[in-house]
Amino acid sequence: MNPPSPSDMSRIAVKVYLSPEETEHLDRQAAALSLHRSQLMRLRALGDPSVDPQATAEAMPPISLRQYQGAVTAALKAASGACSRPVVEAITAAVLVSVYASPEQPRHPNPPQTVG
């Protein structure tokens, strides 16, 4: 083991033991913020609001753009031309939000208008 460098002399190492799932979760959050896992953990430990877990969760969509586009395409096929693409996109987005929103997350304060 190498001796600590002079810049590390004023810092104390802190060990944390995580499960593989917890480690993967932190890695995903760190990647979403373009940070290394150790940077994310240090900033969180120091209370930096820029790495708030809620903000990180919001930065990570539950599905990819490709999956969303696939859902819109499937809904358009199912509608068989009964609705325009913007209407189908709005319906698809509303359904996905209702499926992926966590229970403690407030729903949209102004729900979309019904299209007649």
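By partly exposed I shall mean a relative accessible area that lies between the buried class, under 20%, and the exposed class, over 50%. On that scale Glu89 is partly exposed, because its relative accessible area is 29%. Please keep in mind throughout that this is a predicted model.

Allow me to begin with the overall architecture. The protein contains five helices and zero strands, and the order along the sequence is accordingly α-α-α-α-α. There are 116 residues, of which 10% count as buried. The accessible surface comes to about 9500 Å², and carbon and sulfur atoms supply 60% of that area. As for contacts with a sequence separation of 6 or more, 27% of them involve residues 24 or more positions apart.

I turn now to the charged pairs. How many salt bridges does a search of the whole structure find? The search returns two.

One of them joins the side chains of Asp27 and Arg37, with an N to O distance of 2.9 Å. Asp27 belongs to helix α1, residues 20-32, while Arg37 belongs to helix α2, residues 37-45, so this pair ties together parts that are 10 residues apart in sequence. Are these two residues buried or exposed? Asp27 has a relative accessibility of 32% and therefore counts as partly exposed. Arg37, at 34%, is likewise partly exposed.

The other salt bridge brings us back to Glu89. Its partner is Arg85, and the closest N and O atoms of the pair are 3.0 Å apart. Here both residues lie in helix α5, which covers residues 85-100. They are four residues apart, about one turn of the helix. Arg85 has a relative accessible area of 39%, so this residue too is partly exposed.

Helix α5 also leads us to a nonpolar feature. Ile91, Val95, Val99 and Tyr100 make a nonpolar surface patch of about 380 Å². Of these residues, I single out Tyr100, which is found in helix α5. Its relative accessible area is 43%, and Tyr100 is therefore partly exposed.

Let me set a buried residue beside these. Val51 lies in the loop between α2 and α3, the latter helix being residues 53-59. Why does Val51 count as buried? Its relative accessible area is 3%, and the buried class covers values under 20%. The C-alpha atom of Val51 is separated by 6.9 Å from that of Leu40, and these two residues are 11 residues apart along the chain.

Finally, I would draw your attention to the backbone at two serines. As background, most residues other than glycine have a negative phi. Which sign does phi take at Ser34? The value is positive, near 60 degrees. Ser34 sits in the loop between α1 and α2. With a relative accessible area of 67%, Ser34 is exposed.

Ser80 also has a positive phi, near 50 degrees. This serine is located in the loop between α4, residues 65-79, and α5. Its relative accessible area is 64%, and Ser80 is therefore exposed.

To recapitulate, the predicted model has five helices and two salt bridges. One salt bridge links a residue of helix α1 to a residue of helix α2, and the other has both partners in helix α5. Thank you for your attention.

Terms used:
Residues numbered from 1 in each chain as written. Predicted model: local features only at pLDDT ≥ 70, side-chain atom pairs only at ≥ 80, totals over all residues. Heavy atoms only, no water. Salt bridge = Lys/Arg side-chain N within 4 Å of Asp/Glu carboxyl O. Helix = DSSP H or I, 4+ residues; strand = E, 2+ residues; numbered from the N terminus. Buried < 20%, exposed > 50% of the residue type's maximum accessible area, 1.4 Å probe, protein only. Patch = residues over 30% accessible without salt bridge, like charges linked within 9 Å, V, L, I, M, F, W, Y side chains within 5 Å. Areas by Shrake-Rupley, 256 points an atom, 1.4 Å probe, with all protein chains shown as cover. Contact = heavy atoms within 4.5 Å.
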